[in-house]
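Here is a short walk through a protein chain, one residue and one element at a time. Keep the viewer open and turn the structure as you read.

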Amino acid sequence: MENRDVRITGRSTRLVDKCIQDLFTNGVVIVFDHYDHSRAHRDLFDRVMRRLYSEHQAYMTTLITVDKPNRTIRYEKQD
């Protein structure tokens, strides 16, 4: 039986990885989920933020700024 509400492909995990890679490479990322729906965008944004807090907590208080309504994350690179 196929359930179209279940999304277990691993693609969102790869998108989280790509968002974080783009953030540290380009200094900014706008989070968009492949399942083009506002709830999916919010969920992916929350997953990216949880991963950042989990793996890059030292940057979160000083170098990363978040604009949640626009799903934008910025990283201020230190030279």
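Met60 counts as buried, because its relative accessibility is 9% and the cut-off for buried is under 20%. Keep in mind that this is a predicted model. You will find Met60 in helix α3, which covers residues 57–60. If you set aside residues up to four places away in sequence, Met60 touches Met49, Leu52 and Tyr53. Another residue to look for from here is Tyr75: Met60 and Tyr75 are 15 residues apart in sequence, and their C-alpha atoms are 9.1 Å apart in space.

Now step back to the whole chain. It has three helices and three strands, and reading along the sequence you meet them in the pattern α-β-α-α-β-β. Of the 79 residues, 30% count as buried, and Met60 is one that counts as buried. The accessible surface of the chain comes to about 5,900 Å², with 46% of it belonging to carbon and sulfur atoms. How do the contacts spread along the sequence? Among contacts between residues at least 6 apart in sequence, 58% join residues at least 24 apart.

Next, turn to a pair of helices. Two packed helices are described by the angle between their axes and the distance between the axes. Here the pair is helix α1, residues 11–26, and helix α2, residues 38–55; they pack at an angle of about 60 degrees, with their axes 10 Å apart. The two helices are therefore oblique to each other, since roughly perpendicular begins at 65 degrees. The crossing of α1 and α2 is right-handed. On the α1 side, the contact is made by Ser12, Thr13, Leu15, Val16, Asp17, Cys19, Ile20, Leu23 and Phe24. On the α2 side, the contributors are Leu44, Arg47, Val48, Arg51 and Leu52. What kinds of residues are these? The residues of the contact divide into nine nonpolar, two polar and three charged. Leu52 of α2, part of this contact, is also touched by Met60.

At one end of α1, have a look at Arg11, which lies in this helix. Is Arg11 buried or partly exposed? Arg11 counts as partly exposed, because its relative accessibility is 43%. Arg11 and Tyr35 are 24 residues apart in sequence, and 9.9 Å apart in space from C-alpha to C-alpha.

From there, move on to Val31, which has its place in the loop between β1 (28–30) and α2. Val31 counts as buried because its relative accessibility is 0%. Leaving aside neighbours within four places in sequence, Val31 is in contact with Cys19, His41, Leu44, Phe45, Arg71 and Ile73. Two of these names may be familiar: Cys19 of α1 and Leu44 of α2 take part in the contact of the two helices. Val48 belongs to that contact as well, and the C-alpha atoms of Val31 and Val48 are separated by 8.4 Å although the residues are 17 apart along the chain.

Last on the tour is Arg71, one of the contacts of Val31. Arg71 lies in the loop between β2 (64–67) and β3 (72–75). With a relative accessible area of 18%, Arg71 is buried, because the cut-off is under 20%. What about its backbone? Most residues other than glycine have a negative phi. Arg71, although not a glycine, has a positive phi of about 55 degrees.

Note on methods:
Residues are numbered from 1 along each chain as its sequence is written. This is a predicted model: local features need pLDDT of at least 70, side-chain atom pairs count only at pLDDT 80 or more; totals for chains, interfaces and linings use all residues. Side-chain values use heavy atoms; hydrogens and water are left out. Helices (H or I, at least four residues) and strands (E, at least two) are DSSP runs, numbered from the N terminus. Buried means under 20% relative accessible area, exposed over 50%, partly exposed in between (1.4 Å probe, protein chains only). Contact means heavy atoms within 4.5 Å. Accessible areas come from the Shrake-Rupley method with a 1.4 Å probe; for residues, only the protein chains shown count as cover. Axes are lines fitted to C-alpha atoms, for helices over the stretch in contact, and angles run from 0 to 180 degrees between N-to-C directions. Angles under 35 degrees count as roughly parallel, over 145 as roughly antiparallel, 65 to 115 as roughly perpendicular and the rest as oblique. A crossing is left-handed if the near helix is turned anticlockwise from the far one by less than a right angle, and right-handed if clockwise. Ala, Val, Leu, Ile, Met, Phe, Trp, Tyr, Cys and Pro count as nonpolar, Asp, Glu, Lys and Arg as charged, and the others, Gly among them, as polar.
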